[in-house]
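Biologist: I should like a close look at one part of this protein, namely its charged side chains. Please describe how they pair and where they lie.

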Amino acid sequence: MIQESSTDVLRQSMVDYLMRIIGLPDDEALAQEADDVVRTLDARLEAERHAVV
């Protein structure tokens, strides 16, 4: 069984939020949740990048 990393889960969550935002562009709460996911993913990817170097 393949186990997804937490980074992969965040990536998928970001895609899910973007799809929901397309359907509900005026939902500010949804936009804030999506922003939180994007910021968390950005921080995670930055940390991973520095861990590899």
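Modeller: The model is a predicted one, and the account below follows its charged side chains along the chain.

Side chains of opposite charge can pair when their charged atoms come close. In this structure there are three salt bridges.

Helix H1, which spans residues 6–23, contains both aspartate 8 and arginine 11. These two residues form a salt bridge, with 3.0 Å between the closest N and O atoms. Three residues separate their positions, about one turn of the helix. Aspartate 8 has a relative accessible area of 32% and is therefore partly exposed. Arginine 11 is likewise assigned to the partly exposed class, at 38% relative accessibility.

Helix H2 covers residues 28–52 and holds aspartate 35 and arginine 39. Aspartate 35 is joined to arginine 39 by a salt bridge whose closest N and O atoms are 2.8 Å apart. The two residues are four positions apart in the helix, so about one helical turn lies between them. As to their surroundings, aspartate 35 is partly exposed, because its relative accessibility is 27%, a value that falls between the limits of 20% and 50%. Arginine 39 has a relative accessible area of 57% and so counts as exposed, the cut-off for that class being over 50%.

Further along helix H2 lie glutamate 46 and arginine 49, three residues apart, which is again about one turn of the helix. Their salt bridge has its closest N and O atoms at a separation of 2.8 Å. Glutamate 46 is partly exposed, with 36% relative accessibility, and arginine 49 is partly exposed with a relative accessible area of 46%.

There remains a group of acidic residues to consider. Asp26, Asp27, Glu28, Glu33 and Asp36 come together on the surface as a patch of negative charge. Membership of such a patch requires over 30% relative accessible area and no salt bridge. Aspartate 36, one of the residues in this patch, is located in helix H2. Its relative accessible area is 40%, so aspartate 36 is partly exposed and lies above the 30% limit for a patch.

To summarise, helix H1 carries the pair aspartate 8 and arginine 11. Helix H2 carries aspartate 35 with arginine 39, as well as glutamate 46 with arginine 49. Helix H2 also holds aspartate 36, which belongs to the negative surface patch.

Notes: Residues numbered from 1 in each chain as written. Predicted model: local features only at pLDDT ≥ 70, side-chain atom pairs only at ≥ 80, totals over all residues. Heavy atoms only, no water. Salt bridge = Lys/Arg side-chain N within 4 Å of Asp/Glu carboxyl O. Buried < 20%, exposed > 50% of the residue type's maximum accessible area, 1.4 Å probe, protein only. Patch = residues over 30% accessible without salt bridge, like charges linked within 9 Å, V, L, I, M, F, W, Y side chains within 5 Å. Areas by Shrake-Rupley, 256 points an atom, 1.4 Å probe, with all protein chains shown as cover. Lys, Arg positive; Asp, Glu negative; His and termini not counted. Charge placed at Lys NZ, Arg CZ, Asp CG, Glu CD.
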